[in-house]
Protein chains: 2
Amino acid sequence: MLRAAMTTQYHDTACILSTGDEVTLGQIVDANAAWLADALTSAGVLPVEQATVPDDAEVIGQTIRRLAQRAPLIVMSGGLGPTDADLTRPAMATLAGEELVVDDEAMAALTELLGRRGRVVTDRQARQATRPASARCLPNPFGTAPGLHVRLPAGRTGAPWDADVFCLPGPPRELQPMFRDCVLPSLRLDPALATRTRLLHVLAVPESDVAARLAHLTRRQDVGEAPLLAMTASGGILTLRARIRTSAGESAAAAALDTMEREIRSVLGHHVMPGHAQVGTRGESALASCVVQQLRQSGRSLSVAESCTGGMIGGLVTSISGSSASFVGGVITYSNELKARLLGVSQSDLATHGAVSEPVARAMAIGAIKLTGASDALSVTGIAGPDGGSQVKPVGTVFLGHARREDSGEVRSAVRQCLVTGDRHDVRQRAAISALSMLYFAQAMGFEESRAVRLNWQVGT
Amino acid sequence: MLRAAMTTQYHDTACILSTGDEVTLGQIVDANAAWLADALTSAGVLPVEQATVPDDAEVIGQTIRRLAQRAPLIVMSGGLGPTDADLTRPAMATLAGEELVVDDEAMAALTELLGRRGRVVTDRQARQATRPASARCLPNPFGTAPGLHVRLPAGRTGAPWDADVFCLPGPPRELQPMFRDCVLPSLRLDPALATRTRLLHVLAVPESDVAARLAHLTRRQDVGEAPLLAMTASGGILTLRARIRTSAGESAAAAALDTMEREIRSVLGHHVMPGHAQVGTRGESALASCVVQQLRQSGRSLSVAESCTGGMIGGLVTSISGSSASFVGGVITYSNELKARLLGVSQSDLATHGAVSEPVARAMAIGAIKLTGASDALSVTGIAGPDGGSQVKPVGTVFLGHARREDSGEVRSAVRQCLVTGDRHDVRQRAAISALSMLYFAQAMGFEESRAVRLNWQVGT
């Protein structure tokens, strides 16, 4: 009894192990690790390390032994198939100190699956229906390779606990259902601990400013019942992540996150996008989604007139399902001729101020409203580089325009000048995000009021 | 002398370390690890392990000590910023047994960068300009956080060699140029071993077909002087990677790759894009770049008429520097009204066949030529989902149009119907790539000849 109590642990923490030369050589991006980490986190298990090793049975064995000392739960992917490079089964048998035996149920399922494809079970295929003697096979309805659940006793790994190792197939379409159906129900979670995560997106405040203004919240808590707050930045959008793990129960966890969110919103105001972000959603997609929702709620319609972004704003907005209710389309006027022909930008403005200028950005936005009949238009004209910059207008010079036709028929317009840092990709992505941010603030605060908001990379006021 | 000879190793192998709670918690997919692995592999360094740990200075330190015993080169990402969760600098100082000191050059660069944005260096920002006393800062032209190169003596890690640790910033736009400019030139490579990689992109052939047709080349070589050939697929574009590591010298390595490339091209013909792909370049960017080059060479000009892709094709083409020489712009006609108003699609076609139909795709492409004056136009209209599908036109139904005005004034047009698999993002991305593929084959083979090429997901002939 005492020994069982010592070696059987709650799955408070976990390690994630990916195997495969295609991952270690960088031939594919390992999206399984992030998916598993997210799924574990959501279930209340804290992932403490991810490791990726090549198709090498000895290295796989060493790594599992090491990870078993880090956490009582290991979820691994890959190496279960029929090829010579699939080494997870023999590695697990060696770790467990057991022979590989044929699993009758797995063999029956494999025979049936291959039979449906008009094929028989070769020796090579049959390897997939083997398991270390004490392990159990996890059925795989979507492929030939069943998973494995192996319990490695403390004595075999040197860990202070028996470790549960779940071996899942590499293809995400097989791994994800197997995790849901076989791993989640097997987790031993401490019923006394509640874990919750909340994500907020922040626009147009530099990361260091946010860090300073939320310093009282981001200070790392070693213990205690306050949520841990972290942030990451991408394309000028910050993601704040609050996470709490508490013995005070689900509702106390939610209340603590509510309190922190209120504090963040009171400090940063409209810079915090409404609602809670979804795990795995990029900031720019969240912004596009928010703008689409604002448009729907206000009954406005959007068009675009894009030069240096070449269609990226349209692409971003239409990535949102349901955007067709508010987004009518627009024009990509990469050449000056099209700026004049389609949007009515005057040749004299183009000649006097150049295509990358305040009057042209304004004329593009106003022209897009007239051309498309939408109530709102965003325009972008800029120098994305690497060529085309000058002393007066260096690479990264971007003018963002927003025109709006009010119900009265009156047309307002606003233009911001930015000096965006980065390479061609950065300048374009950041310009697209900044243009959408302009619209976001105009919708959230009112057109005139939003003029006071300083965008990232904005020059002047 | 003896000790130096023992502790200074060639960088034959490397470990990759990613840090950040956002990665271990699965909030972002770590694309840096794959990029670094690919870049190291291409340079002739074999990545033997990837590890990912949270923002925890002690764990970071332990992990680096462990990885230093696995390989004499560690490339890590993340944790260099100004927040309290950025712990790479203090962790490296502890590992090196040194104090953090201010780096004058890094401080000057930081002051200048922030100054250009009208800001001053706060205490918090200033942390980014510190380094362990014996380390060197790696300049970061694209962000505030410089990188670090720390040489950890064997005595500090228990490794049999001095380990070189390169700490790079997490944002890919900062990490990638810093790797190229600061890490690559610092690698110590065995001059007796030549490593060469060659990448080829393949369009419009299913992965299993390529695998079957190149089976004689993809068989795993345990030893020997033949290149190893691997492939990955993304968005319908395959990337073939041929890699050779040989003691026979640079020219023998290049010759072996030349032989393999000739064989691949003779088997797959125009489906292999011309030239060699760059490491880290996505297939769709390579395709856009190739199309831009074809247009420049043939003196043609391109416009787009995009519905369900909403500007993605324009975005892709204009991501290529120099595209303005051939790409004039186009229209995003998301609403039916704009399809009719801007492109002259007939109301009767819209009513009879629907917006997602062969005649509408054709009229959009022809309309774009007339509207923009370009010689060529690509059009896309489709159902990206998740809503909007029907029995007759399920989600994924996409019509791709290509219109061309010949020098004689004659206008040709071609339309392909596809049933693209995947979610909204997949359908849009694959539709954009397929449209560009249509143009690619028309340029490579001639407009009429290219009709025989069957695109991925194409329905009918």
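Which are the buried residues of α4(B)? They are B:Ile60, B:Thr63, B:Ile64, B:Leu67 and B:Ala68, as the first legend sets out. This is a predicted model, in which local features need pLDDT of at least 70, side-chain atom pairs count only at pLDDT 80 or more, and totals for chains, interfaces and linings use all residues. Residues are numbered from 1 along each chain as its sequence is written, while chains are lettered from A and ligands numbered from 1 in the order in which they are written.

**View 1. Helix α4 (residues 57-70) of chain B and its buried residues.** Helices (H or I, at least four residues) and strands (E, at least two) are DSSP runs, numbered from the N terminus. The end C-alpha atoms of α4(B) are 20 Å apart, which agrees with the 20 Å that its 14 residues should span at 1.5 Å a residue; the expected span is 1.5 Å times one less than the number of residues. A residue is buried if 20 or more other C-beta atoms lie within 10 Å of its own, exposed if 12 or fewer, and partly exposed in between, with C-beta atoms placed from the backbone. The buried residues of α4(B) are B:Ile60, B:Thr63, B:Ile64, B:Leu67 and B:Ala68. They fall within an arc of 140 degrees seen down the helix axis, so they line one face of α4(B); the arc is that of the directions from the helix axis to the C-beta atoms.

**View 2. Helix α13 (residues 283-298) of chain B against α18(B).** α13(B) has 16 residues and reaches 22 Å from its first C-alpha to its last, close to the 22 Å expected. Its buried residues include B:Leu287, B:Val291 and B:Leu295. Among the elements covering the buried residues are β9 (194-203), β12 (302-306) and α18 (424-445) of chain B. The axes of α13(B) and α18(B) come within 10 Å and cross at roughly 35 degrees; axes are lines fitted to C-alpha atoms, for helices over the stretch in contact, and angles run from 0 to 180 degrees between N-to-C directions. Residues of α13(B) that meet α18(B) include B:Glu284, B:Leu287 and B:Gln294, where contact means C-beta atoms, placed from the backbone, within 7 Å. B:Gly299 follows α13(B) and has a positive phi, near 70 degrees.

**View 3. Helix α15 (residues 336-343) of chain A.** The buried residues here are A:Leu338, A:Lys339, A:Leu342 and A:Leu343. They cover an arc of only 105 degrees around the axis, which puts them on the same side of α15(A). Their cover includes β13 (327-333) and α17 (358-372) of chain A, together with β13 (327-333) and α17 (358-372) of chain B. Just after α15(A), A:Gly344 takes a positive phi of about 70 degrees.

**View 4. The cis peptide bonds before A:Pro386 and B:Pro386.** Omega is near 0 degrees for the bond from A:Gly385 to A:Pro386, and about 5 degrees for the one joining B:Gly385 and B:Pro386. A:Pro386 sits in the loop between β14 (376-382) and β15 (397-405) of chain A. B:Pro386 is found in the loop between β14 (376-382) and β15 (397-405) of chain B.

**View 5. Positive phi at A:Ala204 and B:Trp457.** A:Ala204, with phi near 60 degrees, lies in the loop between β9 (194-203) and α10 (207-213) of chain A. A:Ala204 is buried, with 22 other C-beta atoms within 10 Å. Phi of B:Trp457 is near 70 degrees, and its place is in the loop between α18 and β17 (458-459) of chain B. B:Trp457 counts as buried, with 22 C-beta neighbours inside 10 Å.

Terms used:
Contact = placed C-beta atoms within 7 Å.
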